Amino acid sequence: MSYPSQGRRLPEGGLIDRGSPLLFHFNGRTCSGYAGDTLASALLANGVTLVGRSFKYHRPRGIVGSGAEEPNAIVQVGEGALTVPNMRATQTELHKDLVAASVNAWPGVSFDLAAAAGGLAKILPLMPAGFYYKTFMWPQSFWRHYERIIRKAAGLGRAPGAPDPQRRDKINIHCDVLVAGGGPAGLAAALAAGRCGARVILADEQFIFGGSLLPGDAAIDRRPARDWVGRAVDELRAMKRVRLLPRTTVCGYFDHNFLSLLERMPGQPLAERLWRVRARRVVLAAGAIERPLVFPNNDRPGVMLASAVSQYVRRYAVRPGTCGALFTNNDSGYTAVLDLLDNGISVAGVVDPRTTVHGPLPGRVRERGVKIHTGCVVTNVAGRRRVRGVQVMTLSQAGNTVTGKAATLQCDLLAVSGGWSPAVHLHAQSGARPVFDESRACFVPGESVQAEQSAGAANGVFDLAACLAEGHAAGAAAAAAAGFSAAGGGEAPSAEPAEQAPLMPLWLAPAPPGHGKRFVDYQNDTDAADLQLAVRENYRAMEHVKRYTALGFGTDQGKLGNINGMAIVAAETGAGIAATGTTTFRPPYTPLAFGALAGRERGQFFDPLRKTAIHQWHVDHGAEFENVGQWKRPWFYPRPGERMVDAVNRECLAARGAVGILDAGTLGKIDVRGPDAAEFLNRIYTNAWDKLKIGACRYGLMLGEDGMVMDDGVTARIAEDRFHMTTTTGGAAHVLAWMERWLQTEWPHLRVFLTSVTERWATVSLAGPRSRAVMETLCGGIDFAAAAFPLMAFRDGTVAGIAARVFRISFSGELCYEVNVAAGHGRALWDACMEAGAVHGITPYGTETMHVLRAEKGYIIVGQDTDGSVTPMDLGMEWILSKKKDFLGKRSLSRPDCVRKDRKQLVGLRTMDPQEVLPEGAQLTDSRIVSRPAPMVGHVTSSYYSACLKHSIALALVKGGRARMGGTVYAPLVDGRTVAAEVCSPVFYDPEGAKQNG
Amino acid sequence: MAEPQSPLHDVAVAGGAAAAEFVSPGGAVRMCELPFLGHFHLRGAPDDAKFLSQVKAALGCALPLTPNTTAAGEAGGVLWLGPDEWWILTAAGGRAEVLQSLEKAVAGMFASLIDQSPGHTVIRIIGEGDGEPARNLLRSGCTLDLHPEHFPPGRCAQTVFAKTNVTLLPAEDEKNRWRCDLVVRRSFADHLWRWLEEGAAGVDGGG
């Protein structure tokens with residue numbers, strides 16, 4: 001295979017595997033890189049400098065950073081269902097056949113329509129600070145036009161259009177010490193804590209540990225730092241209680257030292273894993289992010305962080321330019337110049353606003369013959385798609401303007417360094433507030449509010465020797481706080497302290513009149529003038545300025561520009577940086593996919609599917625299922641060629657004419673036991689329970705404290721001190737919790753135990769005139785004669801040889817028996833019933849037929865015919881409200897609102913056209929022709945076609961409904977028709993109850 | 001009387017085995033159902049000396065009174081579920097006898113003894129090697145600290161596992177392998193089994 005040459009790759013060096021070349025594709029071009037590259041380093045090696053267009057002005061943009069801070073190299077990675085938007089090329093590990101494209105360039109990076117027109121700002125004239133507020137707010141009707149253009153022009157990536165084929169999972173883990181960041185401080189901390197015997201997790205977002213040591217030539221313990229990293233990792237790997245997580249970003253820090261970590265495993269069967277960590281102690285060693293400087297046209301491709309220049313040259317062996325220059329206000333930036341020179345790249349000069357520049361690093365640069373323009377700033381960058389040179393002017397005495405004649409440095413690469421911002425993100429997420437340190441000119445961690453401690457650069461400590469010492473001490477202290485002896489931590493690694501002169505804060509470089517834009521937030525095109533305008537318009541609080549100017553709103557969350565922005569605002573308001581403060585640091589630290597949060601909880605595992613003991617029979621016999629709560633219940637059993645309506649009509653007629661069989665095992669069942677059980681039920685239900693005879697059942701209604709219907713069901717008295725309660729399928733858990741709450745918190749003196757026995761029983765319901773015959777075939781020891789075994793009674797016996805409890809209760813209005821057996825025998829019971837019932841035409845029916853049958857009888861379903869705002873009186877169930885005792889909800893029933901005459905009441909509806917089935921939820925009006933908005937008098941709660949009655953039936957809640965019997969209401973439908981219906985009794989079938997009592 | 005079906009009957013039938021069983025692709029996690037165990041749900045007053053002594057006599061061990069601990073008696077294990085609540089697990093054989101003697105022990109007292117055997121089952125997870133893959137499988141579904149130092153044999157925990165209520169019971173088997181029994185309600189057993197089967201592929205590098 002042939003690989004395109006990597007014209008900008010240095011002939012040797014770097015932490016890349018030159019033996020493993022990799023082909024990849026960027027914006028349609030085939031390129032090559034090496035294992036160990038990021039997409040960004042590989043692009044630079046291939047001479048790709050233009051990676052995107054800016055959001056607002058569509059200015060060409062290049063790679064600025066080398067890590068999480070990157071604002072410009074935002075790419076769409078992968079194709080089809082695997083595509084991921086808004087990845088940072090600087091954090092994208094290169095792999096074979098990687099496909100990536102710029103997200104923020106339409107139709108292309110090199111030819112960009114919007115840029116040709118002068119950017120969005122030209123398409124939508126004037127985009128100053130507060131653009132969103134000023135433009136999109138008015139006129140409102142124009143938003144759809146703005147939105148269409150902006151979405152397309154702004155890019156921001158595409159979500160995949162197909163289901164995610166990758167496997168993602170979550171894992172919960174506990175540890176004594178979590179170390180976030182595997183640089184010098186983090187490695188030292190993990191070593192110390194691990195040696196103490198603590199359970200340690202060390203996570204680093206990069207694919208190799210080492211952090212800032214990777215490009216450098218520092219020495220630790222008098223050996224090259226990279227060797228020390230290797231030995232440290234080996235030692236940690238050998239510790240059984242230490243877990244190393246490379247490619248893992250600590251993305252969120254929540255209450256109670258709960259943190260979330262995203263681990264990426266490219267090319268593995270498990271693509272990503274979300275670690276949900278509960279850590280006793282946390283050491284934050286997340287390092288620091290170098291700040292850029294804010295000067296005219298500082299966004300030209302080729303302007304790059306000094307630390308990124310060093311990374312690309314030394315770690316990736318890439319030449320990010322052919323001739324460099326440096327603009328820095330501190331000593332550390334000079335490292336980049338040395339790295340360039342060491343690798344044969346010339347440096348045109350250094351621009352440093354400090355008037356005296358001493359210290360070892362600038363000294364070494366001077367020795368190499370590079371001119372340092374002290375007391376100067378960069379006032380312009382020439383070149384549009386690539387830096388062509390920089391203009392340098394002298395700072396005035398006061399430091400607020402520039403003077404003199406401009407000098408020019410010819411270069412195509414400008415390294416910039418404005419100092420370092422500790423990565424205080426996780427510290428801030430933990431609830432703490434970073435504080436501004438004037439002497440170091442950066443925000444450093446404030447007082448901890450959780451069990452965490454920052455170490456190293458994340459703590460504002462930038463010297464390697466100090467980082468190592470602080471990391472080691474933090475690791476040992478964390479282990480000690482977790483209960484281990486800190487004495488086991490061993491020796492701290494050591495390095496030579498390096499001397500650095502203090503930086504000169506330079507938040508906004510002065511510029512001559514007519515200067516170009518000085519960008520603060522590259523991703524959102526926020527420039528210094530926008531921030532200043534916001535302050536002039538009286539936005540003073542940082543959170544307001546952020547929202548007004550979009551500073552830090554991008555996918556990078558302002559990692560690069562926010563601190564500069566805050567300082568510029570502070571200067572403008574005069575409030576000072578400390579008082580101005582930061583905006584809120586919110587998780588995640590870097591974006592993560594929704595799929596990572598979902599893990600395996602999707603598709604069949606989104607929620608448990610509960611199955612009855614007879615489930616497989618239903619599957620084998622072609623049932624269509626419906627979800628009732630988490631249960632899978634048979635909905636109807638279509639025969640070949642049958643539509644749903646055909647199947648339901650057939651099932652209804654079979655239950656009314658012969659015998660139907662229903663799997664009723666999902667009903668909630670609660671054992672209520674104890675000397676005070678009857679008294680307990682008196683309080684829970686609206687009706688009285690003390691006089692219920694053993695062997696008998698009673699229907700009960702439960703109300704909430706507001707007097708509204710909450711649940712219903714039949715409860716049987718098994719013994720003097722023992723009841724078997726049934727609840728609705730969906731309400732079972734809530735009812736048990738509700739009753740436990742009253743028992744435990746209000747009535748602890750009642751001696752009652754409540755136990756869910758839903759799962760213990762399988763329940764098969766036989767309904768229809770032939771059900772008695774089937775039961776008689778199957779049973780021994782039970783007399784089924786109507787007088788011996790009346791409605792609302794139960795008997796113990798055997799059914800098909802299985803110990804059973806048979807209830808004679810009816811939700812269908814038919815003669816009906818509900819047989820309860822131990823769940824393991826449910827299937828055998830069902831099979832026996834089917835066999836014994838065959839000669840009687842036994843027909844399985846599902847929940848739809850169950851609903852039709854009960855609606856024909858006017859029996860409500862709590863949650864369908866009630867909605868939490870319906871009283872028993874509204875349902876015409878005054879008869880179930882005991883006047884002789886108190887019960888939950890009773891007092892609420894006498895509230896004025898509950899006794900209004902015009903409350904909605906349950907009625908039946910018969911459509912004038914018997915074939916017309918009203919839609920459930922249909923609103924009802926008083927007249928056929930209504931003006932809008934129409935006064936609505938009620939709504940349909942249940943509606944079916946009744947095959948038995950040969951006309952449609954509906955239940956409805958209608959204002960003052962019971963006084964409207966025989967009157968007409970109208971249902972205006974979505975299709976424009978209006979259907980007339982007569983108000984009638986909700987009991988359509990067998991009002992005398994002869995059938996169920998027969 | 002017909003033979004009862006365990007909650008994972010259909011999994012067993014599909015696998016052609018007497019009870020549901022599964023080995024993860026890489027062999028690090030084994031899983032099987034322990035069907036038809038006795039599951040007895042006992043409620044009673046922990047300060048009632050007569051209740052405690054009679055139950056102790058019936059079980060051959062005292063009811064554990066320390067939260068989230070277990071006791072092992074002649075008849076099986078007893079799990080503390082709450083201040084007045086215990087779960088008694090017994091072997092499939094002899095389950096009727098244990099129930100009978102417990103019923104006798106609590107007769108006439110303010111106590112509740114319910115045979116929950118038909119409504120529950122146990123899924124046993126066995127970890128080969130150091131047990132980490134098996135624990136990682138469980139860690140993907142529950143938030144407890146499962147490290148043997150923190151959750152040793154003799155402890156139990158009621159928790160939500162993969163959105164399902166389960167009781168976890170860690171142990172070390174005769175081959176010194178880490179294992180954990182999951183007591184689960186019948187209607188959730190199939191969901192839990194499939195969830196564990198699918199998850200096992202992700203933890204032992206086999207799939």
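In this predicted model, 35 residues of chain B are in contact with 37 residues of chain A. Let us start at that meeting place, then visit each chain in turn.

## Where the two chains meet

Several elements of chain B help to build its side of the contact: β3 (38–44), β7 (111–115), α4 (132–139) and α5 (186–203) each supply at least two residues. Which of the elements gives the most to this side of chain B? The answer is α5(B), with 9 residues. If you sort the residues on this side of chain B by character, you find 9 nonpolar, 17 polar and 9 charged.

## The sheet of chain B

Now look at chain B itself. Here 6 strands form an open sheet in the order β1-β2-β8-β11-β10-β9, with antiparallel pairing. The edge strands are β1 and β9 (157–161) of chain B, and each of them pairs on one side only. On average, neighbouring strands of this sheet are turned by 25° against each other, direction ignored.

As a reminder, strands of a sheet pair through backbone hydrogen bonds, either parallel or antiparallel. The table lists some facing residues that you can look for in the model.

| Residue | Stands opposite |
|---|---|
| B:E21 | B:C32 in β2(B) |
| B:M31 | B:I125 in β8(B) |
| B:L34 | B:V122 in β8(B) |

Strand β2 (residues 29–34) of chain B is a good one to follow by eye. On one side, β2(B) pairs with strand β1 (residues 21–23) of chain B in the antiparallel sense over 3 bridges. There are also 6 bridges that join β2(B) to strand β8 (residues 120–127) of chain B, again running antiparallel. Between β1(B) and β2(B) the hairpin has 5 residues, and B:G27 takes a positive phi near 80° there.

In a regular strand the side chains alternate between the two faces of the sheet. You can see this pattern in β2(B): B:V29, B:M31 and B:E33 point to one face and are buried. The side chains of B:R30, B:C32 and B:L34 point to the other face and are not buried.

Two helices lie across this sheet. Helix α4(B) lies across β2, β8 and β11 (178–185) of chain B, running at about 135° to β8(B). Helix α5(B), which we met at the contact with chain A, lies across β1, β2, β8, β10 (164–172) and β11 of chain B. Its direction is at about 145° to β11(B).

## The build of chain A

Chain A has 998 residues, of which 54% count as buried. Its secondary structure comes to 25 helices and 50 strands, and its C-alpha atoms fill a box of roughly 115 × 70 × 60 Å along the principal axes. Among contacts in chain A with a separation of 6 or more, 66% are between residues 24 or more positions apart.

In soluble globular proteins, nonpolar side chains tend to be buried together. The largest nonpolar core here has 179 residues, and those touching the most other members are A:V177, A:V179, A:A189, A:A193 and A:L414. Helix α12 (residues 464–481) of chain A gives the most to this core, with 9 residues. Apart from it lies another core, of 109 residues, including A:W635 and A:L906.

Take A:A189 as an example. Leaving aside neighbours within four places in sequence, its contacts include A:V179, A:V283, A:H472 and A:G475.

## A closer look at helix α12(A)

Is α12(A) enclosed or open? Of its 18 residues, 13 are buried, so the helix is largely enclosed by the rest of the structure. Its length can be checked too: at 1.5 Å a residue, α12(A) should span 26 Å, and its end C-alpha atoms are 25 Å apart, which agrees. After this helix comes A:G483, whose phi is positive, near 105°.

## A residue in a loop

For contrast, find A:H358 in the loop between β19 (346–352) and α10 (360–367) of chain A. Is A:H358 buried or exposed? A:H358 is exposed, because it has 12 other C-beta atoms within 10 Å, and a residue counts as exposed at 12 or fewer. Not counting residues up to four places away in sequence, A:H358 touches A:G363 and A:A501. The C-alpha atoms of A:H358 and A:D331 are separated by 8.6 Å, with the two residues 27 apart along the chain.

Terms used. Residues numbered from 1 in each chain as written. Chains lettered and ligands numbered in written order. Core = buried A, V, L, I, M, F, W, Y, C linked by C-beta atoms within 7 Å. Buried ≥ 20, exposed ≤ 12 C-beta atoms within 10 Å, placed from the backbone. Helix = DSSP H or I, 4+ residues; strand = E, 2+ residues; numbered from the N terminus. Contact = placed C-beta atoms within 7 Å. Pairing = 2+ DSSP bridges. Nonpolar A, V, L, I, M, F, W, Y, C, P; charged D, E, K, R; others polar. Expected span 1.5 Å × (residues − 1). Axes fitted to C-alpha atoms, helices over the stretch in contact; angles between N-to-C directions.
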